[in-house]
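I opened the notebook with the coordinates on screen. I wanted to go through charged pairs, strand pairing, helix packing and backbone oddities.

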Amino acid sequence: MQGSAAEVFVGLGANLGDLAATLNAALAELAALPQTQLLAVSSAYRSAPVEAGGPDFLNAVARLQTGLAPLELLDALQAIELRHGRERPFVNAPRTLDLDVLSHGSQSLDLPRLRLPHPRLHQRAFVLRPLIELAPELRLPGLQRLDSYLAGVQGQVIECLGPILSDRKGVTC
């Protein structure tokens, strides 16, 4: 791995198919990306879809160290999604796999394909809770302390299932 590696957080989610198997396979693929090391995985969370229909999601957050630039990482994540049958028939459609770059070091980006930090991470319990679990002191550009947003998402249905996703050392809720 290069000396210019950044700490990156990636959100994982799925609500179609074998959810745990898909997320475990995606974690293995994240760990196999060039110049990338998988450092930790949050607990798994079951959550109701937000602003969408369909079955409940299984969600988690992965902490990575990577030498990939933000758009290179996004391209790699979208390739993983495609290998798992991801389709985008309409906004917020149910999905076999959803991988989102939540943050990439201390970078702020506002590009047509990628905004960093992820613009809604502090508004979604299924991202906020596992992210705080992995990095309670994380400071992201343009945001307050992440735990200060928890009150705003307390009405979102979410259940922590514990460290069921990986044999890697994870944290628990």
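**Entry 1: a charged pair**

I began with Asp75 and Arg113, which form a salt bridge with their closest N and O atoms 2.5 Å apart. I noted that the model is predicted. I then looked up where the two partners sit. Asp75 belongs to helix H2, and Arg113 to the loop between strand E6 (109-110) and E7. They are 38 residues apart, so I logged the pair as a link between distant parts of the chain. Are the two partners buried, exposed or partly exposed? Asp75 has a relative accessible area of 39%, so it is partly exposed. Arg113 comes out at 45% and also counts as partly exposed.

**Entry 2: more salt bridges**

How many salt bridges does the structure hold? I read off eight. I picked Arg46 and Glu159 from the list, with the closest N and O atoms 2.9 Å apart. Arg46 lies in strand E3 and Glu159 in strand E8, 113 residues apart, and I marked this pair too as linking distant parts of the chain. I checked accessibility again. Arg46 is partly exposed at 34% relative accessible area. Glu159 is at 40% and counts as partly exposed.

I turned next to Glu137 and Arg145. Their side chains meet in a salt bridge at 3.5 Å, N to O. I followed the connections further and found Glu137, Arg145 and Asp147 linked in a network of salt bridges. Glu137 is exposed, because its relative accessibility of 57% is above the 50% cut-off. Arg145, at 33%, is partly exposed.

**Entry 3: strand E3 and its partners**

The Arg46 pair sent me back to E3. Which strands does E3 join, and how do they run? On one count, four bridges join E3 (residues 44-47) to E8 (residues 158-162), and these two run antiparallel. On the other, three bridges join E3 to strand E4 (residues 57-66), again antiparallel. I used Tyr45 as a reference point. Its bridge partner in E8 is Cys160. In E4, Tyr45 stands opposite Asn59. I kept a reminder for reading side chains here: in a regular strand they alternate between the two faces of the sheet.

**Entry 4: H1 against H2**

I had met H2 through Asp75, so I looked at its packing. H1 and H2 (residues 70-83) pack at an angle of about 145 degrees. I read their axes as 11 Å apart. The crossing is right-handed. Which residues meet? I listed Ala26, Glu29 and Leu30 from H1, and Leu77, Ile80 and Arg83 from H2. By type, the residues of this contact divide into four nonpolar, no polar and two charged.

**Entry 5: backbone outliers**

I scanned the backbone with a rule in mind: most residues other than glycine have a negative phi, and most peptide bonds are trans. I wrote down two exceptions. Gln35 is not a glycine, yet has a positive phi of about 55 degrees. I placed Gln35 in the loop between helix H1 (19-31) and strand E2 (36-41). Gln35 is partly exposed, with a relative accessible area of 31%.

The other exception is a peptide bond. Leu116 and Pro117 are joined in cis, with omega about -10 degrees. Pro117 lies in the loop between strand E7 (115-116) and helix H3 (125-134).

**Entry 6: His122 and H3**

I stayed in the loop between E7 and H3, where His122 is also found. Is His122 buried or exposed? Its relative accessible area is 17%, under the 20% cut-off, so I logged His122 as buried. I looked up its contacts, leaving aside neighbours within four places in sequence. They are Leu128, Leu143, Tyr149 and Val153. As a distance check, I took His122 to Ala31: 91 residues apart in sequence and 25 Å apart in space, C-alpha to C-alpha.

Leu128 led me into H3. Why call this helix largely enclosed by the rest of the structure? Eight of its ten residues are buried, so the description holds. I copied out the buried ones: Ala125, Val127, Leu128, Pro130, Leu131, Ile132, Glu133 and Leu134. Glu133 is the entry I underlined, as a charged residue type on the buried list.

Conventions: Residues are numbered from 1 along each chain as its sequence is written. This is a predicted model: local features need pLDDT of at least 70, side-chain atom pairs count only at pLDDT 80 or more; totals for chains, interfaces and linings use all residues. Side-chain values use heavy atoms; hydrogens and water are left out. Two strands pair if DSSP finds at least two bridges between them. Buried means under 20% relative accessible area, exposed over 50%, partly exposed in between (1.4 Å probe, protein chains only). Axes are lines fitted to C-alpha atoms, for helices over the stretch in contact, and angles run from 0 to 180 degrees between N-to-C directions. A crossing is left-handed if the near helix is turned anticlockwise from the far one by less than a right angle, and right-handed if clockwise. Contact means heavy atoms within 4.5 Å. A salt bridge is a side-chain nitrogen of Lys or Arg within 4 Å of a carboxyl oxygen of Asp or Glu.
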